[in-house]
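Thanks for coming, everyone. I'll take you through some side-chain contacts, one pocket and a few backbone angles.

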Amino acid sequence: MRVIELNKLSKEERNRLLKRPAIDMDKTSEIVRPILADIKSRGSAAVNEYARKLDKYENESLIVSDQEYEEAEQILSDKTKQAIETAAENISAFHEKQLPNGYEVETKPGVKCRREFRAIENVGLYIPGGTAVLPSTVLMLGIPARIAGCKRVIACSPSKGELHPAVLYAAKIAGINEYYKVGGAQAIAMMAYGTDKNKKVDKIFGPGNQYVTAAKTLVSIDHEGCQIDMPAGPSEVLVIADDQANPAFVASDLLSQAEHGIDSQVVLVTTSHGLVQNVLEAIELQTTELPRKEYVKECLKSSFALVVNNIDEAIHFSNEYAPEHLILNFPDADEVVDRITNAGSVFVGPYTPESAGDYASGTNHSLPTYGYAKSVGGVSVEMFMKGMTVQSISREGLENISDAIIELAETEELKAHANAVRVRFK
């Protein structure tokens with residue numbers, strides 16, 4: 001992990017720190033595009049072929065059966081089931097508050113305008129499963145979809161034959177009963193275009209590797225495809241801490257993100273040289289006990305600790321970086337939250353680890369990465385819905401706004417628009 005002093009950096013060097021590692025989307029898209037086109041053309045036969053070729057899938061049917069759901073519940077320990085249920089309760093409690101409320105405004109007497117919300121009817125969830133089992137992601141996507149009122153929710157995960165029982169139990173808790181054992185670009189194509197065996201969806205949610213991300217991007221610009229939640233890159237965390245922070249706490253937060261994969265982004269911003277050294281020692285000590293230490297070691301090679309003069313500089317850098325996860329570990333951290341403008345999710349205080357948000361505090365862990373926190377928020381109930389406006393105008397109301405309508409229509413040389421008002425008063 002590199003140690004860098006902010007006041008010794010040139011403007012160009014500082015800008016380089018803000019950038020994420022480049023992903024060759026052109027090359028990735030070249031690989032993904034033929035898969036999408038083939039599945040779009042040949043349907044389920046092509047999906048099955050790619051599942052066998054790329055996922056090494058060994059069974060006949062791709063869809064999870066009722067029996068598999070039942071067996072998963074029987075196999076899973078009571079302790080794991082309780083953990084999933086606790087997380088689901090908290091996620092539900094937090095997300096139920098997100099249901100948007102409609103409103104009505106009478107802009108002029110007799111002119112009533114209102115906004116209403118409707119659930120997206122068909123949604124698809126992509127649940128990664130390459131290097132880790134992720135029942136938490138099933139909950140984070142499935143529960144908001146259920147709360148929003150989506151009529152049909154399907155999910156896809158890569159598998160060689162069976163999905164982990166924790167994933168299937170989480171799916172049951174979230175209300176997902178259409179689950180396919182297929183991953184990668186082939187799963188995205190199956191959901192986006194539909195096949196002879198499954199109906200297409202209207203929007204796809206969920207993180208994935210560079211091939212999944214490329215596939216999501218491509219189907220979102222295809223008029224026969226569907227919308228997506230957001231672009232998603234490697235997971236990332238930025239920790240702001242001072243000399244009063246516990247080095248073991250900071251190290252554990254950095255490592256919990258580093259173990260996601262070698263391309264995860266891990267950043268420490270601190271006012272203390274001493275803390276950096278203590279954190280590096282704690283990282284070395286804690287890494288020895290981690291089963292995914294190879295991922296951690298590779299990730300830390302491209303990670304850095306940035307030493308700044310004060311917390312103000314740290315906040316400014318963080319807002320420029322726009323991290324997926326931001327941890328504030330210094331006294332009175334809650335008082336500066338209103339100054340945080342760009343972050344996917346903020347974790348305040350020494351006893352608020354990023355893993356709490358990943359699993360069971362209640363907030364969503366499907367968040368913008370790669371700097372997209374500057375323009376988009378994490379997954380929410382509203383993302384599974386769309387707003388719709390309704391207007392109801394009386395004769396008196398139309399009279400009250402007719403002059404404005406006619407004048408603007410004729411200014412734009414759209415006479416039929418103006419006539420649509422005039423004809424009602426002839």
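Start with arginine 20, which lies over the face of tyrosine 321, 3.6 Å from the ring centre. The rule for a charge over a ring: NZ of Lys or CZ of Arg within 6 Å of the ring centre and within 35 degrees of the ring normal. Arginine 292 does this too: its charged end sits over the ring of tyrosine 295, at 4.4 Å from the centre.

A word on the ground rules. This is a predicted model, where local features need pLDDT of at least 70 and side-chain atom pairs count only at pLDDT 80 or more, while totals for chains, interfaces and linings use all residues. Residues are numbered from 1 along each chain as its sequence is written, and side-chain values use heavy atoms, with hydrogens and water left out.

Back to tyrosine 321. Tyrosine 321 forms a stacked aromatic pair with phenylalanine 317, with 6.2 Å between centres and 20° between planes. To pair, rings of Phe, Tyr and Trp (its six-membered ring) need centres within 6.5 Å; planes under 30 degrees apart are stacked, over 60 edge-to-face, and the rest tilted. Both residues lie in helix α13, residues 311–321. They are four residues apart, about one turn of the helix. Helices here are DSSP runs (H or I, at least four residues), strands likewise (E, at least two), numbered from the N terminus.

Are phenylalanine 317 and tyrosine 321 buried or exposed? Both are buried. Buried means under 20% relative accessible area, exposed over 50%, and partly exposed in between, using a 1.4 Å probe and protein chains only. Phe304 joins Phe317 and Tyr321 in one aromatic cluster.

How many aromatic pairs does the rule give? The count is four. Another of them joins phenylalanine 205 and phenylalanine 384: the ring centres are 3.8 Å apart and the planes meet at 10°, so this pair is stacked. The pair links distant parts of the chain, 179 residues apart. Phenylalanine 205 is in strand β7, residues 203–205. Phenylalanine 384 is in the loop between α14 (354–359) and β14 (385–393). Phenylalanine 205 is buried, at 0% relative accessible area. Phenylalanine 384 is buried as well, also at 0%.

Now a pocket. The second largest pocket holds about 200 Å³ of space. Which residues come closest to its centre? Of 18 lining residues, they are Arg2, Arg16, Leu17, Lys19 and Phe304. Phe304 you have met already, in the aromatic cluster. Three elements give two or more residues to the lining: β1 (2–5), α1 (11–18) and β10 (265–270).

How is a pocket found? On a 1 Å grid over the protein atoms alone, a pocket is an open set of points where a 1.4 Å probe fits, with protein on both sides within 12 Å along at least five of seven lines; lining residues have an atom within 4 Å of a point. Points are joined across faces, edges and corners, and the volume is the space filled by probe spheres set on them.

Next, salt bridges. The structure holds 18. Each is a side-chain nitrogen of Lys or Arg within 4 Å of a carboxyl oxygen of Asp or Glu.

Lysine 8 meets glutamate 5, at 3.5 Å from N to O. Lysine 8 is exposed, at 62% relative accessibility. Glutamate 5 is partly exposed, at 25%.

Arginine 42 bridges to aspartate 38, with the closest N and O atoms 2.8 Å apart. Both sit in helix α2, residues 25–42, four residues apart. Arginine 42 is partly exposed at 37%, while aspartate 38 is buried at 19%. Glu49 is linked with Asp38 and Arg42 in a network of salt bridges.

Lysine 172 pairs with glutamate 73, at 2.4 Å from N to O. This bridge spans 99 residues, from helix α7 (165–174) to helix α4 (66–75). Lysine 172 is partly exposed, at 45%. Glutamate 73 is partly exposed too, at 25%.

Last, the backbone. Most residues other than glycine have a negative phi. Lysine 56 has a positive phi of about 60°. Lysine 56 lies in the loop between α3 (44–54) and α4, partly exposed at 48%. Glutamate 413 also has a positive phi, near 60°. Glutamate 413 is in the loop between α15 (395–411) and α16 (415–422), and is exposed at 71%.
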